[in-house]
Number of protein chains: 2
Amino acid sequence: MLVHSVSNCPILPPLPAVAVQPHAKAGETLFWEGEETDCLYHLQSGIVRGVRYTEEGERNIVGFYFAGDRIGVPVGGTYRFTAEAITVVTYATVRLNVLADDIRSGGTARLFETVQTELGADEVHSQLLCRQGALQRMCAFAACLYRRLNGAAIEAIAQVDIADYLALTPETVCRSLKKMRDSGVIAMPRHDRIEVVNPAALTAMSLQ
Amino acid sequence: MLVHSVSNCPILPPLPAVAVQPHAKAGETLFWEGEETDCLYHLQSGIVRGVRYTEEGERNIVGFYFAGDRIGVPVGGTYRFTAEAITVVTYATVRLNVLADDIRSGGTARLFETVQTELGADEVHSQLLCRQGALQRMCAFAACLYRRLNGAAIEAIAQVDIADYLALTPETVCRSLKKMRDSGVIAMPRHDRIEVVNPAALTAMSLQ
DNA sequence: CGAAATCTTGACATGCGTCAAACGTGGTGG
DNA sequence: CCACCACGTTTGACGCATGTCAAGATTTCG
């Protein structure tokens with residue numbers, strides 16, 4: 001199975017009734033790569049992209065995150081990537097010490113729930129990048145998001161972002177999308193909206 | 001920084017003095033992908049490769065693991081990949097419920113410590129695959145292992161395995177290694193031994 | 001010592017990156 | 001409300017790097 005199961009809705013800690021829901025506008029940053037981790041983020045709506053800049057200044061996208069995902073897991077005490085809101089995003093933050101209490105009270109399965117999103121996202125990313133052929137990679141990517149979003153249209157993700165995620169050029173992404181349109185597996189009413197019309201054909205094309 | 005810091009030596013739990021050290025011969029499997037996770041593995045010596053087979057039967061290598069690494073983190077209760085010993089391997093196992101108690105008492109830091117190896121490995125893998133150009137990818141890979149092994153020679157890793165790890169063909173791996181030999185950045189007294197002669201040149205060649 | 005696996009080298013075709021230019025779109029300010 | 005501008009997308013032409021196929025050399029292991 002290429003698609004992992006990070007799509008389960010989170011059981012969120014109760015919030016004070018009067019609290020204003022934390023949110024970010026499109027383009028805003030939730031946290032920065034290398035910054036010291038003080039809390040994790042449970043996404044509730046919207047789309048976030050994980051970004052990392054290489055030494056040469058190249059931009060890499062490490063993942064796209066949606067409602068239900070938990071991001072911000074530290075390695076060495078700091079965030080592993082920069083989290084940028086693509087759309088308006090609402091979320092809940094969980095301070096590390098609160099999380100510790102949560103872990104103590106929960107079961108063993110609960111233990112790794114926290115790291116599941118990021119572990120799964122990196123795993124998927126590697127699997128996508130392993131596919132040779134731009135078209136296969138694009139189809140696998142679309143199939144992946146299709147399942148993650150339970151069939152909803154893929155929206156608001158720029159082709160440039162897809163390119164930086166799949167290690168392709170924007171031109172190649174555009175051409176691949178055109179082929180997918182011509183084959184009738186997807187429809188694109190707008191530049192930033194991909195509707196999967198034929199899921200079976202999509203997975204077939206993603207196979208090598 | 002391309003290279004992450006999973007190279008810290010682990011503080012291992014004390015073992016019974018009379019216990020026979022668990023070990024595996026080259027080619028043996030420590031655990032299987034999809035199998036229910038009952039314990040994690042702390043590697044103490046030797047080399048392990050993480051393998052995953054795609055639906056089409058293609059072999060992917062997700063990472064190489066060395067002394068000090070902790071592998072076997074479950075997602076959804078099962079192992080994320082198959083762990084095969086490349087050399088003779090010695091290790092210590094930690095049962096999941098023991099680990100759970102350990103994490104509960106140790107807090108979030110202990111949790112993140114546990115997943116550091118696999119999170120870091122996937123991260124590195126993605127970063128390597130993002131580099132376009134076979135030579136750059138190979139150089140980045142070599143530089144990565146060079147730092148992970150603290151300058152020791154890279155040994156016992158077959159070129160086929162490198163190919164499956166970097167999403168290249170064995171032929172391309174071989175040709176890239178030849179270029180690196182001709183450039184004088186590495187030496188190869190045997191087919192399965194890579195000695196980094198010029199680390200500076202190596203990192204320079206890995207830049208895009 | 002023999003056989004199987006791995007590595008090496010060559011020739012060839014093609015798919016993707018690069019460069020360049022035009023088009024569409026969304027946002028901002030007058 | 002319209003005009004303009006900046007950014008992202010689209011399309012084309014071209015060259016090179018890498019995958020593919022094939023044959024031979026080397027190593028490893030029984």
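**Chain pairing, domain packing and DNA contacts**

B:Arg131 and A:Glu56 join chain B to chain A through a salt bridge, with 4.0 Å between the closest N and O atoms; the term stands for a side-chain nitrogen of Lys or Arg within 4 Å of a carboxyl oxygen of Asp or Glu. Across this chain interface, 6 salt bridges turn up by that rule. The model is a predicted one, so to speak of local features takes pLDDT of at least 70, and side-chain atom pairs count only at pLDDT 80 or more, while totals for chains, interfaces and linings use all residues. Side-chain values use heavy atoms, with hydrogens and water left out, residues are numbered from 1 along each chain as its sequence is written, and chains are lettered from A and ligands numbered from 1 in the order in which they are written.

Chain B and chain A put 36 residues each into the contact, where contact means heavy atoms within 4.5 Å. Between them they bury about 3,600 Å², with 62% of it on carbon and sulfur atoms; buried area here is the accessible area (1.4 Å probe) that two parts lose on being put together, summed over both. On the chain B side, B:Arg104, B:Phe112 and B:Leu119 lose the most area to chain A, and together they make up 19% of what that side buries. Polar contacts between the chains come to 3 residue pairs, both residues at pLDDT 80 or more. Such a contact is a pair of N or O atoms within 3.5 Å; within protein, one must be able to donate a hydrogen and the other to accept it, and residues adjacent in sequence count only if both atoms are side-chain atoms. Of the elements on the chain B side, β7 (74-75), α1 (96-106) and α2 (108-130) each supply at least two residues, and α2(B) gives the largest share with 14 residues. Helices (H or I, at least four residues) and strands (E, at least two) are DSSP runs, numbered from the N terminus.

Within chain A, the split is into domain 1 (23-122) and domain 2 (131-206), with bounds from an automatic or database domain assignment. Their centres, taken over C-alpha atoms, sit 24 Å apart. Domain 1 brings 13 residues to the contact and domain 2 brings 12. The two domains of chain A bury about 990 Å² between them, 58% of it on carbon and sulfur atoms. In domain 1, A:Arg59, A:Phe64 and A:Phe66 lose the most area to domain 2, together 53% of what that side buries. The domain interface has 4 salt bridges; one salt bridge pairs A:Asp161 with A:Arg49 (2.7 Å, N to O).

Then there is the DNA. Around strand D sit 20 residues, the closest being A:Gln159, A:Val160, A:Cys174, B:Ala134 and B:Thr172; a residue is near a strand if one of its heavy atoms lies within 4 Å of it. Sugar and phosphate make up 72% of the strand D atoms that come within 4 Å of the protein. Phosphate oxygens of strand D are approached by a backbone N or O atom of A:Gln159 at 2.6 Å, by a polar side-chain atom of A:Lys178 at 3.4 Å and by one of B:Thr172 at 2.4 Å. The largest share of this surface, 5 residues, comes from α6(A).
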